[in-house]
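Please open the model in your viewer and keep the selection panel at hand. The stops below each begin with something to select and then say what is there.

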Amino acid sequence: MKPSNTIDVLYDGNCAFLCRAIHLLRRMDRQHHIHLTNTAARKFDARIFDKSMNELIAEIHARMPDGTWLKGMDAFRLLSSSVGLGPLVLLTRLPLIRLSVNVGYLLVADFSNCSLAETGVRHLPLHLLRSRQLNRFGT
């Protein structure tokens, strides 16, 4: 059973970029604040999280202990802060850096080999992600 103060992280294990990031987070998580779940695992069931597979593989998801969900770079910022990278996260919150990092994440997510092998579903097209994400950033 996982502690009540852990962050649930749902990531696409077929994505090389995410696997590298998750490997780094796992190594840095000395306090065991992160509970990792590979959405590409055979036994994974998205219904447990009240999410669709398409939704989960479009970008990384993190569920905070209070049940709040974060996605994409907001999830990465939370995870990075929880493993001791708070000062770096503060830099990514500055307006121009925030926009650059967010757009960079979208590009990496779109052009990496992230997909679900079992369903053949790929990320949303870049222009849909970009419009959806940039609207969230107030740009």
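Begin by selecting residues 16-28, which form helix α1, where helices (H or I, at least four residues) and strands (E, at least two) are DSSP runs numbered from the N terminus. With an expected span of 1.5 Å times one less than the number of residues, the 13 residues of α1 should cover 18 Å, and because the end C-alpha atoms are 19 Å apart, the two values agree. This is a predicted model, in which local features need pLDDT of at least 70 and side-chain atom pairs count only at pLDDT 80 or more, while totals for chains, interfaces and linings use all residues. Residues are numbered from 1 along each chain as its sequence is written, and side-chain values use heavy atoms, with hydrogens and water left out.

Stay on the helix and colour Leu18, Ala21, Ile22 and Leu25, the buried residues of α1; buried means under 20% relative accessible area, exposed over 50%, and partly exposed in between, with a 1.4 Å probe and protein chains only. These buried residues cover an arc of only 100° around the axis, which puts them on the same side of α1, the arc being that of the directions from the helix axis to the C-beta atoms. Turn to the face of α1 directed away from the buried side, and you will find the exposed residues Arg20 and Arg27. What covers the buried residues of α1 includes β1 (7-11), β2 (34-38) and α3 (72-82).

Next, select Ser80, which has its place in helix α3. Ser80 counts as buried because its relative accessibility is 16%. Leaving out residues up to four places away in sequence, Ser80 touches Leu25, Leu85, Gly86 and Val89, where contact means heavy atoms within 4.5 Å.

Now select Val9, Ile60, Phe76 and Leu79, which have the most contacts inside the largest nonpolar core, a set of 18 residues. Such a core is a set of buried Ala, Val, Leu, Ile, Met, Phe, Trp, Tyr and Cys residues joined through side-chain atoms within 4.5 Å. At least two residues of this core come from each of β1, α1, α3 and α5. With residues up to four places away in sequence again left out, Leu79 touches Ile7, Val9, Leu25, Ile34 and Ile60. There is also a second, separate core of 5 residues, among them Leu10, Ala46, Phe49 and Leu56. In soluble globular proteins, nonpolar side chains tend to be buried together.

Which aromatic rings should be displayed next? A search of the whole structure finds 3 aromatic pairs, counting rings of Phe, Tyr and Trp (its six-membered ring) with centres within 6.5 Å, and calling planes under 30 degrees apart stacked, over 60 edge-to-face and the rest tilted. Show Phe44 and Phe49, whose ring centres are 5.8 Å apart and whose planes stand at 20°, so the pair is stacked; both residues are buried. Then add Trp69: its ring and that of Phe49 have centres 6.2 Å apart and planes at 80°, so this pair is edge-to-face. The pair of Phe49 and Trp69 links distant parts of the chain, with Phe49 in the loop between β2 and α2 (53-58) and Trp69 in strand β4 (residues 69-71), 20 residues apart. Phe49 has a relative accessible area of 12% and is buried, whereas Trp69, at 23%, is partly exposed. Phe44, Phe49 and Trp69 form one aromatic cluster.

Move on to the backbone of two loops. Most residues other than glycine have a negative phi. His32, in the loop between α1 and β2, has a positive phi near 60° although it is not a glycine, and His32 is exposed, with a relative accessible area of 58%. In the loop between β2 and α2, select Asp50, another non-glycine residue with a positive phi, here about 55°; Asp50 is exposed at a relative accessible area of 72%.

Finally, clear the selection and view the whole chain, which has 6 helices and 4 strands, running β-α-β-α-β-β-α-α-α-α from the N terminus on. Of its 139 residues, 38% count as buried.
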